[in-house]
Amino acid sequence: MKAIQITKPFEIGITEKEIPVPKENEALLRVLYCGICGADVASFTGNQPFTTYPRIPGHEFSAQIVEIPENGRGFKAGDVITCNPYFNCGECYACRRGLVNACHDNQTMGVQRDGSFQEYITMPISRLIDGKGLSAKELALIEPFSISAHALSRAEIKKGDRLLIIGAGPIGLFALIKAKSMGARVAVADLLESRLKLAKSYGADLIINSKKESLEEKCDEFTGGCGFDVCVEACGAPETFLSCIDRAAHGANIILIGNGKRETTFVHSVILKKELNIFGSRNAYTKDFETLIDLVASKEVDILNMISDVYTVETAEKAFTSLANNDGSLNKLLIKFADAE
């Protein structure tokens, strides 16, 4: 079978492998579509600290079951599914408390272990997630959607809450879609008109081009000067984290999704003064995937226009290079491995 492998930073190609043989309580899956995550791009550019080489990237994917033993979950050959790609140890303090997404020894497919960018993979049956009739492309988008949905679950969000999202990349946009489904009034800030236009199409109540407009003035108009009940940082930059603190209402919740690489310096007394709650977020739970599959299946939201383009296995290097040089106009890129049979 074919697999896409990063041999070292900026070197990616197609390699040949044997089709894996499933172990006990595992299924053999035929991969259909894979999304390219920011973590995959970081592995490609050498900026992913947890990646060793060579590495097969990928953890956003859809697949069709080829072989599966009898199981109590009702899965059978031919089913189109997705999977939970975060492998946890089951023994650390976090796992023992049920916080499997924050496992001390977390191994995410495509980062700490080989991922889904190959024609066939094996997965434990316990990690399979019923696709409930969604298309293979939709199912390949559920994992990044789950990252945003899990983040929002960290803080209580009520209907009518005012919510600010800074950063309208795919994760910020998925957070917008989820927040609107929860009844929030959402403002989205970004530097790029193309992303803000997409945010508007997903129901943003206010879009702010923070390169051209005053974030402070626009937010004050939207909230009547009271600030936001929830601020979501989806960039990973010190400046945007500080903007969340500034724009948050007293007693508000701040949720951090963006994975920052630079230090942030600020006087922390503002957190005390406003009595802010600040939440980190990592990975997602299987239940997050399942809830979102139900949401997409209900036809209440359409996530397919999150896809900027679909590439073949043979043109995967072009896709990675495009994202490594992304000017912000690209959202999700998918690699097509196969169609469901």
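In the predicted model, G46 follows directly after helix 1 and adopts a positive phi of about 85°. Helix 1 spans residues 38–45, and 7 of its 8 residues are buried, so this helix is largely enclosed by the rest of the structure. The buried positions are A39, D40, V41, A42, S43, F44 and T45. These residues pack against strand 1 (2–8), strand 2 (11–16), strand 3 (26–35) and helix 11 (316–324). Further along the chain, the loop that leads from helix 1 to strand 4 (60–67) contains P54. The peptide bond from Y53 to P54 is cis, with omega near -5°.

Positive phi values also occur at residues other than glycine. One of them is N25, with phi near 65°, which is placed in the loop between strand 2 and strand 3. With a relative accessibility of 52%, N25 counts as exposed, the cut-off for this class being over 50%. K132, likewise not a glycine, has a positive phi of about 50°. The loop that holds K132 connects strand 9 (128–130) to helix 3 (136–140). K132 has a relative accessible area of 47% and is therefore classed as partly exposed.

An open sheet is formed by 6 strands in the order 12-11-10-13-14-15, with parallel pairing. Strand 12 (206–209) and strand 15 (277–280) occupy the edges; each has a single partner strand, so one side of each is left without a neighbour in the sheet. On average, and with direction ignored, neighbouring strands of this sheet are turned by 15° against each other. Helix 7 (residues 215–223) packs on the sheet, where it touches strand 10, strand 11, strand 12 and strand 13. The direction of helix 7 makes about 170° with that of strand 12.

Within the sheet, strand 10 (residues 162–166) has 4 of its 5 residues buried, so the strand is largely enclosed by the rest of the structure. Strand 10 is joined by 5 bridges to strand 11 (residues 185–190), and the two run parallel. In this pairing R162 has R185 of strand 11 as its bridge partner. The connection between these strands includes helix 5 (residues 170–181): strand 10, helix 5 and strand 11 make a right-handed β-α-β unit. Strand 10 also pairs with strand 13 (residues 228–233), to which it is joined by 4 bridges in parallel orientation. Here L164 stands opposite C231 of strand 13. Towards the edge formed by strand 15, strand 14 (residues 248–256) and strand 15 run parallel and are joined by 4 bridges. In that pair N253 is placed opposite N277 of strand 15.

V232 is located in strand 13. Its relative accessible area is 0%, and V232 is therefore buried, given that the class covers values under 20%. Beyond its neighbours within four places in sequence, V232 contacts L152, L163, L164, I165, I166, C244, I255 and I257. One of these contacts, I166, is 66 residues away from V232 in sequence, whereas the C-alpha atoms of the two residues are 6.3 Å apart in space.

A helix pair was examined in the same model. Two packed helices are described by the angle between their axes and the distance between the axes. Helix 4 (residues 142–153) and helix 10 (residues 286–297) pack at an angle of about 110°, and their axes lie 9 Å apart. Helix 4 is therefore roughly perpendicular to helix 10, a description that applies to angles of 65 to 115 degrees. On the side of helix 4, the contact involves I142, E143, F145, S146, A149 and H150. These residues meet D288, F289, L292, I293, L295 and V296 of helix 10. By class, the contact between the two helices comprises 8 nonpolar, 2 polar and 2 charged residues.

Definitions and conventions: Residues numbered from 1 in each chain as written. Predicted model: local features only at pLDDT ≥ 70, side-chain atom pairs only at ≥ 80, totals over all residues. Heavy atoms only, no water. Axes fitted to C-alpha atoms, helices over the stretch in contact; angles between N-to-C directions. Parallel < 35°, antiparallel > 145°, perpendicular 65-115°, else oblique. Contact = heavy atoms within 4.5 Å. Nonpolar A, V, L, I, M, F, W, Y, C, P; charged D, E, K, R; others polar. Buried < 20%, exposed > 50% of the residue type's maximum accessible area, 1.4 Å probe, protein only. Pairing = 2+ DSSP bridges. Right-handed = clockwise from strand over helix to strand, strands pointing away.
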